[in-house]
Amino acid sequence: MVLKLHGFPVSPCTARVEACLHEKTLDFEFVPVDILALENKQPSFLAKNPFGQIPAFEDGDITLFESRAITAYVAEKFKGTGYDLIRHENLKEGALVKVWIEVESQQYHPAICPIVYEFFGKPVVGCKPDQTLIDASLEKLEKVLDVYETRLSSNKYLAGDFYSLADLHHFSYTFYFMKTPWSSLINDRPHVKAWWEDISARPASVKVAEGMNFGEVEIK
Ligand code: GS8
């Protein structure tokens, strides 16, 4: 059965799923969805995700959307293949993976997403970034990163001394963030910096980064 990922390589949420599929060493078909041409708002795509957002994922008779739900499904279904992203044989470690998955989605993402979107996304559609929103988000992100710095001073990765889906979920937005003028937020925190260098050097991350070229866009 062919796994199908519908998305756009530059999209951080698509990249999140791609990174997971590569960690699991799974073959999949990449189905490009041109969001600039609004293909994601066409009935054929809305049948896969009624909210009209990428990515979507198909595995036989199941169709999923929401990147984190897709990675959770892949990590669970293929727990015996490739790298174990969910510590499925250890209840406590697995629970900590879930905690830090939530932290990414509830704390980190709301802070970093507006920065990446304003800096890279807005110029693509001919709009000027909102610096007030960027500044407020940077302030939020600093507070989250202070917690990460403490956490990573006693654990190599977020959930413990093992790489997991929680770390993976951070890759794509942080990759773009590091190409903004504010990368010192990561680089000035030694444990966060070491963690970032480690997770971004993984072969799966490097492979996904090849398709992520928003970094060339300059702020206007
Ligand atoms: C967000 C998807 C999303 O924002 C997830 O999958 O994690 N919570 C969802 N998709 C964006 C591209 S960013 O990778 C998207 O589809 N934007 C176009 C649009 O909203 O029309």
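This report describes the domains, the two largest pockets and one histidine of a predicted model.

## Two domains

The domain assignment divides the protein into domain 1 (3–83) and domain 2 (91–206). Their C-alpha centres are 21 Å apart.

The size of an interface is often given as the accessible area lost when the parts come together. Here, domain 1 and domain 2 bury about 1300 Å² between them, and 63% of that area is on carbon and sulfur atoms. On the side of domain 1, Arg 16, Glu 23 and Arg 68 lose the most area to domain 2, and together they account for 41% of what that side buries. In terms of contacts, 15 residues of domain 1 meet 14 residues of domain 2.

## The largest pocket

The largest pocket has a volume of about 910 Å³. Its lining is made up of 31 residues, and those nearest its centre are Ser 11, Pro 12, Ile 35, Gln 53 and Tyr 173. Four elements give two or more residues to this lining: α1 (12–23), α3 (67–77), α4 (91–124) and α7 (171–177). Helix α4 gives the most, with 6 residues.

Sorted by class, the lining of the largest pocket holds 19 nonpolar, 8 polar and 4 charged residues. Where does the largest pocket lie with respect to domain 1 and domain 2? Both domains give residues to its lining, so the largest pocket lies between them.

## The second largest pocket

The second largest pocket holds about 320 Å³ of space. It is lined by 17 residues, of which Ala 72, Ile 86, Lys 98, Ile 101 and Leu 165 are the closest to its centre. The elements that give two or more residues to this lining are α3 and α4. The largest share comes from α4, which supplies 8 residues.

By class, the lining of the second largest pocket consists of 7 nonpolar, 5 polar and 5 charged residues. Domain 1 and domain 2 each give at least three residues to the lining of this pocket.

## His 22

His 22 is part of helix α1, an element that also gives two or more residues to the lining of the largest pocket. Is His 22 buried or exposed? The relative accessible area of His 22 is 18%, so His 22 counts as buried, the cut-off for buried being under 20%.

Leaving aside residues up to four places away in sequence, His 22 touches Phe 28, Ala 204, Lys 207 and Val 208.

Terms used
Residues are numbered from 1 along each chain as its sequence is written. This is a predicted model: local features need pLDDT of at least 70, side-chain atom pairs count only at pLDDT 80 or more; totals for chains, interfaces and linings use all residues. Side-chain values use heavy atoms; hydrogens and water are left out. On a 1 Å grid over the protein atoms alone, a cavity is a set of points where a 1.4 Å probe fits but cannot get out, and a pocket is an open set with protein on both sides within 12 Å along at least five of seven lines; lining residues have an atom within 4 Å of a point. Grid points are joined across faces, edges and corners, and a volume is the space filled by probe spheres set on the points. Ala, Val, Leu, Ile, Met, Phe, Trp, Tyr, Cys and Pro count as nonpolar, Asp, Glu, Lys and Arg as charged, and the others, Gly among them, as polar. Domain bounds come from an automatic or database domain assignment. Buried means under 20% relative accessible area, exposed over 50%, partly exposed in between (1.4 Å probe, protein chains only). Contact means heavy atoms within 4.5 Å. Buried area is the accessible area (1.4 Å probe) that two parts lose on being put together, summed over both.
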